[in-house]
Amino acid sequence: MNAYDAGRMVDLLQQSHTLSMVETPQQADLIILNTCHIREKADDKIFSELGRLKKLTNRHDPKKRYIFGVGGCVGQAQGAELFKRAPFVDLVFGPQNYHHLPHMLDQVLQGKRQLHDIEIPTESKFDALPSAPNSGYSAAVPVQEGCDRFCTYCVVPFTRGREWSRPVEDIIQEVQNLTDKGAMEIELLGQNVNAYLGYDQEGVEHDLALLIRQVSLVPGVERIRFITSHPADMNNDLIAAFAEVPELNSYMHLPIQSGSDKILAAMERGHTVAEYLTWIEKLKRVCPKITLASDFIVGFPGETEEKFEELLSFIKETKFEKLGAFIYSSEEGTDAYDMPDKVSEMLKKKRFEKLMMAQQNISLEKQQQFIGKVLRVMIDEKKKTQKDCYIGRSEYDFHEVDGVVHVNSEKELSPGDFVDVKITDAYEYDLSGIVISD
Ligand code: SAH
Ligand code: SF4
C-alpha cells in the first residue's frame, strides 16, 4: 500500500508541478519519506534517516534549499510534533492526505514553513488523484483502506484511519485504465482486504468475492491477487472464487498471528485457532493446489515457553508455504502497550530465530513438491548477472516475500510474457526451471 501511495504522489506532483523522479537525494528539489509505523521504533528510524539526508544534501550543496516532507503513518502519528525533533522538515502529512500535496507544496514555495495536514479528510483522496499515466504489467489497486478491528498490538486503525471501501465503479475504472496501459496482473490491496464492502451505482453491495468476479471480466486482466485478509472476515463465496475464477491466483495470505487461543484472545483477533483451521481446510478442499502464507507475532505479552511451543507445533502441523514472522513491538497508544508479562528482548529474538529455522525446512519441503511440474510463469525481468535467465512469477506467487521463478530460456523473452516452465530446482523461497513452450 505504501508503494502504491508513493507512486501516486509521484503521478500527482508530476502533473501539478512537473516534478519527476531522480536517482539520488542530492539531485532532488523535494525529498519525501513515505513512512511505515507498524513496528520496530519507526519514529527513531525516520528521525535518523532525516538527519542523514539533511547532512548529505547540505554537504552536497549548502546553498540549495531542499524541501523535506514526511508522509505515511509516521507523519500521521507525529503531526506537528515532528517539527520539534526535525525543524527543517517543511511538510508533514498522513496516508489519507497526500492528495493535498500540490497545495501544500505551493504554500512552501510561497515561503510558508512547517506545514502539517493530518486531519482525516471527509473527501476521498482517490477522487483527487489523476489517473495513472502509465502502468507496469502488474499493478496494484487499493480497494479498501483503514481498519476497524483494533487488534491490541496494532497501530493501523490509528494511522490509516477507519475502515473504508471504495465504490465498485471507481475500482473497475482504475483497473480498466491500468489494463489499457498494459497491466495484466491486478493486485487488490487493503489493510483488511476481505472486509471489502463497496457499493455499485445501483446501490448494490459487493463483497470481495463479487468484486474479484467483476475485475476478472475487465478485458486484459489475466491474473488477480489480493492482500491482506483477516480470518474473521472470511466467507464461503471468497473461497468459491478460487475454484470458479480462473484469473484468481492460487495463493492466499491469511495471517493468524498466534497458535494459542489465549494469546489470540489477548490480541482480540476475534477468532480461535480451530476456526482458522476450518477456513484453511475449506480453502484446500475447494482449491487443492492453493498455496498459503501466514503472519505470526513472536513474544506478545504473556507468551510463555509453553505457548511458544504451541506456536511451533502449529506451524509444523499446518505447513504454510511462507511465513511472515515478526518480533512483537510494543506500540504506544495500543491496548497491548500496558499489558503485563512482557517477554524480554533476548527471549523474543531467540524464539523468532527458532521459528524461522523450523519454517525454513517446511518451506523447502513445500517448494520441492513443485519439482517436475510445469508452471505458467509471467516474466518480470531479465537477470543481469546470468545469460539466458529471467525472473518471473507463477500463480502460486508470494512476491511480497520473495518466491520468484528463475527461468532459463534460450529464446529472448520480454517482461509480461507468459511461458510454461518445467521446474527443475527448488530452494527455500524460489524455484528455477526451463521454458518448455510459450
Ligand atoms: N491486517 C492484517 C495485517 C496488517 S499488519 C492482519 O490483520 O493480519 C502486517 C503484519 O505486521 C501483521 O500481520 C502482524 O503480524 C505485524 N504486526 C502488526 N503490528 C505489530 C506489532 N506491534 N509488533 C509486531 N508485529 C506487528
Ligand atoms: Fe492491524 Fe490487521 Fe488487526 Fe487491523 S486487523 S488492527 S490492520 S492487525
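Which elements are included in what covers the buried residues of α8? In this predicted model, the cover includes α1 (2-17) and α9 (208-216). Strands β5 (138-142), β8 (185-189), β9 (197-199) and β10 (205-207) also belong to it.

Helix α8 itself runs over residues 168-180. Its 13 residues should span 18 Å at 1.5 Å a residue, and the end C-alpha atoms are 18 Å apart, so expectation and model agree. Several positions of α8 are buried, among them Val168, Ile171, Ile172, Val175 and Leu178. Glu174, Asn177 and Thr179 are buried in α8 as well. After α8 comes Gly182, with a positive phi near 110°.

Strand β10 is part of the cover of α8, and His206 lies in this strand. His206 is buried, because its relative accessible area of 4% falls under the 20% limit. Val168, one of the buried residues of α8, is in contact with His206. Beyond neighbours within four places in sequence, His206 also touches Tyr196, Leu197, Gly198, Asp200 and Gln214. Cys36 is 170 residues away from His206 along the chain, and their C-alpha atoms are separated by 30 Å.

Asn192 occupies the loop between β8 and β9. With a relative accessible area of 2%, under the 20% limit, Asn192 is therefore buried. Neighbours within four places in sequence aside, Asn192 is in contact with Gln144, Gly146, Cys147, Arg149 and Glu163, and further with Thr228, Ser229, His230 and Asp233.

Three of these contacts of Asn192, namely Cys147, Arg149 and His230, also appear around ligand 2. The shell of ligand 2 further holds Phe150, Cys151, Tyr153, Cys154, Val156, Pro157 and Arg269. By class, the shell divides into seven nonpolar residues, one polar and two charged.

Thr228, another contact of Asn192, has an unusual backbone link. Most peptide bonds are trans. The bond that joins Ile227 and Thr228 is cis, with omega about 0°. Thr228 sits in the loop between β11 (223-227) and α10 (236-244).

Backbone phi values also call for comment. Most residues other than glycine have a negative phi. Lys319 is not a glycine, yet its phi is positive, about 55°. Lys319 is placed in the loop between α13 (305-318) and β14 (322-327). Its relative accessible area is 28%, between the 20% and 50% limits, so Lys319 is partly exposed. Asp341 likewise has a positive phi, of about 60°, although it is not a glycine. The loop between β14 and α14 (345-368) holds Asp341. Asp341 is exposed, because its relative accessible area of 58% is over 50%.

At the level of the whole chain, the domain assignment gives domain 1 (2-117), domain 2 (125-368) and domain 3 (374-437). The centres of domain 1 and domain 2, taken over C-alpha atoms, are 29 Å apart. Across their boundary, 19 residues of domain 1 are in contact with 22 residues of domain 2. About 1,800 Å² is buried between domain 1 and domain 2. Carbon and sulfur atoms give 60% of this area.

Note on methods. Residues numbered from 1 in each chain as written. Chains lettered and ligands numbered in written order. Predicted model: local features only at pLDDT ≥ 70, side-chain atom pairs only at ≥ 80, totals over all residues. Heavy atoms only, no water. Near = heavy atom within 4 Å. Nonpolar A, V, L, I, M, F, W, Y, C, P; charged D, E, K, R; others polar. Helix = DSSP H or I, 4+ residues; strand = E, 2+ residues; numbered from the N terminus. Expected span 1.5 Å × (residues − 1). Buried < 20%, exposed > 50% of the residue type's maximum accessible area, 1.4 Å probe, protein only. Contact = heavy atoms within 4.5 Å. Domains from an automatic or database assignment. Buried area = accessible area lost by both parts, 1.4 Å probe.
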